[in-house]
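Let's take a friendly walk through a protein model. Have a look at the sequence and the 3D view before reading on.

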Amino acid sequence: MAAIEEELTLLGSVGSPFVIKVEIALKLKGIEYKYVEEKLGNLSETLLNYNPIYRMVPVLVHKGKPISESRLILEYIDETWNQNPILSSDPYQRALDRFWSKFIDDKCVVPAAKTIFIPDEKEREKAIEELYEALQFLENELKDKFFGGDKIGFVDIDALFIPLFQEVAEKQLFTSDKFPKLHKWSQDFYNHPVVKETMPSKEQQFAYFKARAASLAAPSK
């Protein structure tokens, strides 16, 4: 990794997919950073001061200035360090990247989470239908090895939620028969050296989701 002169710190929690996204982007660009672990349900005063509105990880602190929300952090990283871009240089394609990133967050992550965490069977079935409809749009959109072409890009990083949920929950959210391009993409993505190096163990990911659910259920202070 190339050294950088600016002080760069990432506040995160092991297993958080939002934090994983930021780490993948930093490593793809070869940017050195300091990692500070935060405990869900017992966040540090430092994090609460940096992110008082949402009170969650990740927070990237660059030269003493905090940036929160993983998608915004990814854009900041790409605009600050030019090497190995994850967003297209073409304005129209950048707009499409942002569109599909938001689509994944709104139309894929939410129903995928419901299929895992909602106990009501009818609600889970409804969520699966919503997820399949959204995944079909992504299946049709995937034209190359990755959404970013022949290398991992902005949309690929954001889409890590899809195979991650499938891995953690041990549920076949998508199969090679139903979504062949997405299935192949997920294998190529997870086998990328940077992704393999960054991805925590299945046990760590499950522990994060369990702690996250507990923190959301706890009364706010």
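The report below looks at a sheet, then at one arginine, and then at a pair of helices.

## The sheet

Please keep in mind that this model is predicted. Start with the open sheet, which has four strands in the order 2-1-3-4 and mixed pairing. At its edges stand strand 2 (34-37) and strand 4 (65-68); each has a single partner strand, so one side of each is left without a neighbour in the sheet. From one strand to the next, the twist averages 20°.

How are strands held together in general? Strands of a sheet pair through backbone hydrogen bonds, either parallel or antiparallel. Here, strand 1 (residues 8-12) and strand 2 run parallel, and four bridges join them. If you want a spot to find in the 3D view, try leucine 10, which stands opposite tyrosine 35 in strand 2.

## A helix on the sheet

Now turn to helix 1 (residues 17-28), which packs on the sheet. Helix 1 touches strand 1, strand 2 and strand 3 (59-62). The direction of helix 1 makes about 155° with that of strand 1.

## A look at arginine 71

Next, zoom in on arginine 71, a residue of helix 3 (residues 70-80). Is arginine 71 buried or exposed? The answer lies in between: its relative accessibility is 23%, and because buried means under 20% and exposed means over 50%, arginine 71 counts as partly exposed.

Which residues does arginine 71 touch, leaving out those up to four places away in sequence? They are Ser101, Lys102, Asp105 and Phe154. Two polar contacts link side chains here: one of 3.3 Å between arginine 71 and serine 101, and one of 2.5 Å between arginine 71 and aspartate 105. Arginine 98 lies 27 residues from arginine 71 along the chain, and 8.9 Å separates their C-alpha atoms.

## Two helices side by side

Finally, follow helix 4 (residues 91-117) and helix 5 (residues 121-141), whose axes come within 8 Å and cross at roughly 150°. Angles over 145 degrees count as roughly antiparallel, and helix 4 and helix 5 are therefore roughly antiparallel to each other. Their crossing is left-handed.

Which residues meet where these helices pass? On the helix 4 side they include Trp100, Phe103, Ile104 and Cys108. On the helix 5 side, Ala127, Ile128, Leu131 and Leu135 are among them. Charged names appear in this meeting too, including Lys107 in helix 4 and Glu130 in helix 5.

How values were computed. Residues are numbered from 1 along each chain as its sequence is written. This is a predicted model: local features need pLDDT of at least 70, side-chain atom pairs count only at pLDDT 80 or more; totals for chains, interfaces and linings use all residues. Side-chain values use heavy atoms; hydrogens and water are left out. Two strands pair if DSSP finds at least two bridges between them. Axes are lines fitted to C-alpha atoms, for helices over the stretch in contact, and angles run from 0 to 180 degrees between N-to-C directions. Contact means heavy atoms within 4.5 Å. Buried means under 20% relative accessible area, exposed over 50%, partly exposed in between (1.4 Å probe, protein chains only). A polar contact is a pair of N or O atoms within 3.5 Å; within protein, one must be able to donate a hydrogen and the other to accept it, and residues adjacent in sequence count only if both atoms are side-chain atoms. Angles under 35 degrees count as roughly parallel, over 145 as roughly antiparallel, 65 to 115 as roughly perpendicular and the rest as oblique. A crossing is left-handed if the near helix is turned anticlockwise from the far one by less than a right angle, and right-handed if clockwise.
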